Amino acid sequence: MKEFIQYLPKVELHLHIEGTLEPELMLALAKRNNIDIPFNSIAEVRDAYNFHNLQSFLDIYFQGADVLIKEQDFFELTWAYLLRCQADNVVHTEIFFDPQAHTQRGICFDTVVNGIHRALIKGTTELGISSKLIMCFLRHLDEESAFKTLAQAQDHQDKIIAVGLDSTELGHPAAKFEQVFKQAIKQGFLTVAHAGEEGPASNIHEALRLLHITRIDHGVRCTDDEELVQQLVSERIPLTVCPLSNIKLKVFERMEQHNIVALLRKGVCVTINSDDPAYFGGYMTDNFLAVNQALPMNKTEIAQFTFNAIAASFISKSEKQRLT
Ligand code: HPA
Ligand code: ZN
């Protein structure tokens with residue numbers, strides 16, 4: 001089964017590029033860019049990766065992102081991730097980035113998007129990995145900052161397919177971003193949002209109703225509301241689930257308690273993704289293996305995650321047909 005999972009073609013739909021910053025690159029960039037970080041060794045960095053909830057992770061995640069300064073840094077970060085994709089047989093990936101995490105520190109929006117995009121193009125031509133880019137608004141920041149970010153994206157709309165919503169879920173309801181999502185849709189962006197990771201099932205309802213999203217990031221708390229689960233099935237609304245992330249951030253105590261396989265068997269379009277693999281201890285193959293070890297599946301079920309991800313992806317109909 002390990003070999004089957006290793007060689008299974010995979011599609012990733014929930015991946016924060018800043019969350020692929022491995023300690024080695026973090027230390028190298030800190031040195032190259034003269035940035036002070038509170039770690040002196042790779043072991044010290046890894047020791048800090050003990051999280052008790054989403055916020056305790058986000059604090060470390062934003063601190064790590066401070067070492068990214070130049071376009072070349074964003075390029076190297078993205079390229080390193082694409083090499084991991086190649087190793088895991090990821091054939092298509094849809095990547096989030098958090099522009100406000102960088103523009104807030106005085107880094108130019110163009111620097112961020114151009115560095116990431118250059119690596120994605122190289123990934124397509126040299127590795128045969130197709131990709132899309134999704135710009136997330138940080139939900140702990142205000143609406144005005146999100147609108148400013150949307151304006152900055154205007155010159156790069158050819159490189160960005162969708163907008164999303166991430167960071168602190170509790171206390172930052174979807175309603176805060178209703179207008180900015182409305183404007184983004186008007187400009188032609190597709191929409192996704194993190195919802196029902198730490199927050200209740202009602203956050204998923206709100207994201208669907210107020211933000212008009214076409215797929216939900218995480219969404220595992222949907223099982224608290226059976227009617228919502230039935231809606232996800234009947235309307236084929238996909239969930240981009242991140243199993244190792246959910247364990248690391250204590251959304252579920254143990255993988256054996258995770259609901260992803262139960263949701264798959266109920267007919268929900270669930271997918272497996274790595275979220276922030278440098279922080280959560282595994283890329284795509286590791287996530288598949290961890291789920292299957294705790295909740296054994298047959299090969300048809302495992303392959304269904306890839307079929308679901310193809311269906312849920314933002315690639316064209318003809319490209320979907322080519323992959324299936
Ligand atoms: N949830 C919310 N925000 C995030 C996450 C996550 O899992 N990863 C990076 N930003
Ligand atoms: Zn996420």
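This text walks through a predicted model, from its overall build to a ligand shell, one helix and a few loop residues.

Start with the whole chain. The protein has 17 helices and eight strands. Its radius of gyration is 18 Å, close to the 20 Å that the globule rule gives for 324 residues, so the protein is as compact as a globular protein of that length. The C-alpha trace spans about 50 × 45 × 40 Å along its principal axes. Of the 324 residues, 46% count as buried. Contacts reach across the sequence. Taking those between residues at least 6 apart, 76% join residues at least 24 apart.

Now turn to the ligand. Which residues surround ligand 1? The shell begins in sequence with H16, G19, L54 and Y61, and goes on to D166, S167, H194 and E197; S245, D275 and D276 complete it. By class, this shell divides into two nonpolar, five polar and four charged residues.

The UniProt record adds annotation here. An unreviewed entry lists H14, H16, H194 and D275 under "binding site". These positions are spread over 262 residues of sequence, yet they cluster in space, with a largest C-alpha distance of 11.8 Å. The record, again an unreviewed entry, also places the feature "binding site" at D276.

Take H16 in more detail. H16 sits in strand β1, which covers residues 10-16. Is H16 buried or exposed? H16 counts as buried, because 27 C-beta neighbours lie inside 10 Å. Setting aside neighbours within four places in sequence, H16 is in contact with F96, D98, D275 and D276. F96 falls within the β2 range, 90-97. D275 and D276 belong, like H16, to the shell around ligand 1.

Next comes D275. D275 lies in the loop between β8 (270-272) and α14 (277-280). Although a loop residue, D275 is buried, with 30 other C-beta atoms within 10 Å. Beyond neighbours within four places in sequence, D275 is in contact with H14, L15 and H16, and with G19, C242, S245 and F280. Two of these partners, H14 and H16, are listed with D275 in the UniProt "binding site" annotation.

D276 is found in the loop between β8 and α14. D276 also counts as buried, because it has 27 C-beta neighbours inside 10 Å. Not counting residues up to four places away in sequence, D276 touches H16, G19, Y61 and S245. Each of these four partners is also listed in the shell around ligand 1.

Move on to helix α5, residues 71-87. How far apart are its end C-alpha atoms? At 1.5 Å a residue, the 17 residues of α5 should span 24 Å; the end C-alpha atoms are 25 Å apart, which agrees. Seven positions of this helix are buried: D73, F74, L77, T78, Y81, L82 and C85. The spacing of such positions has a simple background. An α-helix has 3.6 residues a turn, so residues three or four places apart point the same way. The buried residues of α5 pack against α2 (23-32), β2 (90-97) and α7 (109-127). After α5 comes N89, whose phi is positive, near 60°.

That sign deserves a word. Most residues other than glycine have a negative phi. N34 has a positive phi of about 55° although it is not a glycine. N34 is found in the loop between α2 and α3 (42-47). N34 counts as exposed, because it has 8 C-beta neighbours inside 10 Å. K250 is another residue other than glycine with a positive phi, near 65°. The loop between α12 (243-248) and α13 (260-266) holds K250. With 14 other C-beta atoms within 10 Å, K250 is partly exposed.

End at N50. Where does N50 sit? N50 lies in the loop between α3 and α4 (54-65). N50 counts as exposed, because it has 10 C-beta neighbours inside 10 Å. N50 and Y61 are 11 residues apart along the chain, and their C-alpha atoms are separated by 12 Å. Y61 leads back to the ligand, as one of the residues that surround ligand 1.

How values were computed. Residues are numbered from 1 along each chain as its sequence is written. Chains are lettered from A and ligands numbered from 1 in the order in which they are written. This is a predicted model: local features need pLDDT of at least 70, side-chain atom pairs count only at pLDDT 80 or more; totals for chains, interfaces and linings use all residues. Helices (H or I, at least four residues) and strands (E, at least two) are DSSP runs, numbered from the N terminus. The expected span of a helix is 1.5 Å times one less than its number of residues. A residue is buried if 20 or more other C-beta atoms lie within 10 Å of its own, exposed if 12 or fewer, and partly exposed in between; C-beta atoms are placed from the backbone. Two residues are in contact if their C-beta atoms, placed from the backbone, lie within 7 Å. A residue is near a molecule or strand if its C-beta atom, placed from the backbone, lies within 6 Å of it. Ala, Val, Leu, Ile, Met, Phe, Trp, Tyr, Cys and Pro count as nonpolar, Asp, Glu, Lys and Arg as charged, and the others, Gly among them, as polar. UniProt positions are given in the numbering used here, feature names are shortened, and annotations may be inferred rather than shown by experiment. The radius of gyration is taken over C-alpha atoms; the globule rule is 2.2 Å times the number of residues to the power 0.38.
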